[in-house]
Structures are given as C-alpha cells and as structure tokens.
There are 2 protein chains.
Amino acid sequence: MNIYLWYMATPRRQRASKKELILRKAASMFREKGFAATSMRDLAETIGIEAASLYNHIRSKNEILEAICFGVANRFNAHLDTIEAASGTPISKLETLLRFHIGQMVDHYEEVFVADREWKHLEEPYLSNFHTQRRTYRKRFAGIIEEGIRHNQIKQIDAPTAVLIILHAVSGIESWHRSSAKVSAQQLEDNMVLILIDGLRKHG
Amino acid sequence: MNIYLWYMATPRRQRASKKELILRKAASMFREKGFAATSMRDLAETIGIEAASLYNHIRSKNEILEAICFGVANRFNAHLDTIEAASGTPISKLETLLRFHIGQMVDHYEEVFVADREWKHLEEPYLSNFHTQRRTYRKRFAGIIEEGIRHNQIKQIDAPTAVLIILHAVSGIESWHRSSAKVSAQQLEDNMVLILIDGLRKHG
C-alpha cells in the first residue's frame, strides 16, 4: 500500500472500528433493556463519548438495529447457502445447521438475541424485508427436513413445526449463557444433537 | 346454605371474580409490555375501573405478579407430584410431563409466559423462594430423566441439559400462539412428543 492509500485508509479503518464498538455495545444494551428502552444518550454514556459525536458514526438508533439484524441475516443466509450446496444426507446437513446455530448463539450471543427478539422495531422497508427473510430461512430449513422425510431418513413429522422446535430449543441457550452452567458449550452442543437430531431420525 | 351465609358469601364471590379478572388482564399486559412498563393506572384503564378502586381488590402491582407466579407454580408442582407418584416408565412420565407443559402453554399462555419471563421482578422473600422452586422443579424433572438413563431406557445425556432443551422448545410455543400457525395444538403436541421424547429414547 502506498503512503497515499495508507493515509486515506487509516481514518476509514478507525471509523469502522469505532462503529463496530458502537454496534457491540448497542447490541448488549438492546438485549438487556430492549431496543425501545435504550436511548442514544444511554448508549453514548456507556461508550463514554458525547451523544453528538455518536452521530458522527451512526445516523440513528434504527440504523444500529438495521446493522445488527442484517449482519446476522447475512451470516445465517451465507451458511444456509453452503449447506444446501454441499453434498451429504439431510440428517447430516441438519446436524451441521444445528451446530452452526448453537455456535452463533454462544459466540455472537448479543447480536443473535437482538436480531431474534427485537427485529420488530425495524422500520419499513427493512421491517417487511427482514420478516420475509426470516420466513424464507425457515422454509429452506424445513425443506431439508422434508427432503429427509422423502428419503425415508426422517420420520413423518410436520417439517415447519420441527424447525420451530429446533430453533426455540437453541434460542433457550440464552439462559445457559447467563447462568453458571456446569456443562461446557461443547457438551451442550453434543447433547442437543443427540436429542434433537436423533429425535428427527427414522429408526428401524 | 342459609340466607345469612349466602348474604356473606356473595360479596366475597364477587370480589374473587373481580380479582380473577384483574389477574387475567394484568397477565396479558405484563406479557405484552413487560411488568416494569405496565402501571397500575394502565391496568385500571384497561379494565375500565378507577385506579383507586383497583386498590380495593389488590394492594400493589407486585401482589399481582406474586399471584400469577405462585398460581402457576402451584399447578406445575401439583402435576409433578402426581407424575412422580404414578406408576409407569420414565419415558411415559416424560411424555405426560411434556404434554402437560404444552397444554399449559396453550391454555394458560399469558400467565405461564409471565411466570417464566417476568418472575425476576418479584420482591423478597418471594423472589428467592420462586427461584428455588424453579430449580427444584427442574431437578425433579431431571431426576425422571436420570431414572430412565439408569434403567437403560434413555440414552446417556446430561439430564439437566435435556430438561432445558425440552422446556425451551415448549416456551417457544408463544410464537405459534401468535402466528396464524397451520398446525393445530394437537398436531403440535404430537410432533413435539415425536421429536423430543423419541430423541431421549435409547434405541437398539
């Protein structure tokens, strides 16, 4: 990189990393207090900057929520693309998908929680768009289960219901995260696979 | 009942049913807005009485939360007593327990939701007491799973983790309840039993 580019890049990098800090702190506050109850003033105070300078990095509280929700959606969609494109049986794909969801909940807890629980505060056109993406994601997830049913690998169940059971069991991880759980993240993941994936599997 | 008792009983009955109405409306508001964001004034307005007359029936917002949480706890504890005392295999007991939890979520949605999500707003001594009851309930639930593991009917899993997976899958029913789900309550229940109970079962 030449000096000119380096000079140009530095402030942009700084801005990006400050923005990342803002998003991280905001996700944590939205998770704890809820989006509606968190003010830009609270957020600035937590970060330790002036409210006015917060607006140098981000236009509004809603823009923060958009960044969090669509960032999470991007990761989830990209992973599902990979799963769908990969070879493997429906059961093994579901296991990979379940492990991914648990990993996201453990490693990106605040953002995933906010994208899952607070997205209804998005404004249009983001609200409808995000809602549709959620439905599409669940449909594709159910599609893998239905493929397993057709291949006689998964028992005759209502696939959309199975998706909700799995997703809700995973979103319950929040309480492990907060409590001084005696099981490690790995044990938790393995137990969930044992129960949920094996619960789908058709035996005998 | 003689006339004197009838005369005495009527106002008490009326008071009880007014109190039930208050509890029902409060549970619905606590569920929707959260306990902290609901005021006694809001509640009185929703019921259509004067705030002052609300206090003839109930002393405080916290007393309402106590009535909701401990009412739910009583039903859950009584059911678990019955299950423990009954004959039957651990797997069949778990199936009964799961169906009970789903039924409670479907039939008493608002109260169960509030007891599950808003109980942290209880004040002492109720807070610690309720917290302990929750832990005890989960321990007894896990005890049934552990019995199944000892009897070689349930696979080697971490029983407390299995309890959390089941309870969180059930508490996700809130979103079915709200969405225009295409599955009936009975189908939902049967699918959950198929996946979760069979997921616990040891095969072969």
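A salt bridge is a side-chain nitrogen of Lys or Arg within 4 Å of a carboxyl oxygen of Asp or Glu. In the predicted model described here, this criterion is met by B:Lys155 and A:Asp198, whose closest N and O atoms are 2.5 Å apart. The pair spans two chains, and across the interface of chain A and chain B two salt bridges are found in total. The architecture of chain A is described before the interface is taken up in detail.

Chain A contains ten helices and zero strands. Read from the N terminus, its elements follow the order α-α-α-α-α-α-α-α-α-α. The chain comprises 204 residues, of which 45% count as buried. The contacts within chain A may be sorted by the separation of the partners along the sequence. Of those between residues at least 6 apart in sequence, 70% join residues at least 24 apart. The area exposed by chain A amounts to about 10,700 Å². Carbon and sulfur atoms account for 52% of this exposed area.

The arrangement of the two chains was examined by superposition. Chain A is brought onto chain B by a rotation of 180°, with 0.0 Å of shift along the axis and an RMSD of 0.0 Å. This is the relation of a two-fold axis. Within chain A, the C-alpha nearest the axis belongs to A:Gly199 and lies 1.8 Å from it. Both copies use the same surface, since 100% of the contact residues of chain A recur in chain B.

At the interface, 25 residues of chain A are in contact with 25 residues of chain B. The area buried between the two chains is about 2,300 Å². Carbon and sulfur atoms give 69% of that buried area. Polar interactions are also present: six residue pairs, both residues being at pLDDT 80 or more, are in polar contact across the interface of chain A and chain B. On the side of chain A that touches chain B, at least two residues each are supplied by helix H8 (159-171), helix H9 (173-178) and helix H10 (185-200). The most is given by H10 of chain A, which contributes nine residues to that side.

Two features of the backbone were noted in each chain. In general, most residues other than glycine have a negative phi, and most peptide bonds are trans. The peptide bond from A:Glu124 to A:Pro125, by contrast, is cis, with omega near 5°. A:Pro125 is located in the loop between helix H6 (109-117) and helix H7 (126-150) of chain A. In chain B, a cis peptide bond likewise joins B:Glu124 and B:Pro125, with omega about 5°. B:Pro125 occupies the loop between helix H6 (109-117) and helix H7 (126-150) of chain B.

The second feature concerns phi at an asparagine. A:Asn152, a residue other than glycine, has a positive phi near 65°. A:Asn152 is placed in the loop between H7 and H8 of chain A. With a relative accessibility of 51%, A:Asn152 counts as exposed, because the exposed class begins over 50%. The corresponding entry for chain B is B:Asn152, which is not a glycine either and has a positive phi of about 65°. B:Asn152 lies in the loop between H7 and helix H8 (159-171) of chain B.

Two further positions, both within helices, were considered individually. A:Thr96 belongs to helix H5 (residues 90-107) of chain A. Its relative accessibility is 38%, and A:Thr96 therefore counts as partly exposed. When neighbours within four places in sequence are left aside, A:Thr96 is in contact with A:His79 and A:Ile83. A:Thr96 and A:Leu80 are 16 residues apart in sequence, and their C-alpha atoms are 9.9 Å apart in space.

In chain B, B:Arg24 is part of helix H1 (residues 3-33). At 53% relative accessibility, B:Arg24 counts as exposed. Between B:Arg24 and B:Leu164 the separation is 140 residues in sequence and 27 Å in space, taken from C-alpha to C-alpha.

Note on methods:
Residues are numbered from 1 along each chain as its sequence is written. Chains are lettered from A and ligands numbered from 1 in the order in which they are written. Side-chain values use heavy atoms; hydrogens and water are left out. Helices (H or I, at least four residues) and strands (E, at least two) are DSSP runs, numbered from the N terminus. Buried means under 20% relative accessible area, exposed over 50%, partly exposed in between (1.4 Å probe, protein chains only). Contact means heavy atoms within 4.5 Å. Accessible areas come from the Shrake-Rupley method with a 1.4 Å probe; for residues, only the protein chains shown count as cover. Copies are superposed by least squares on the C-alpha atoms of residues with pLDDT of at least 70 in both. Buried area is the accessible area (1.4 Å probe) that two parts lose on being put together, summed over both. A polar contact is a pair of N or O atoms within 3.5 Å; within protein, one must be able to donate a hydrogen and the other to accept it, and residues adjacent in sequence count only if both atoms are side-chain atoms.
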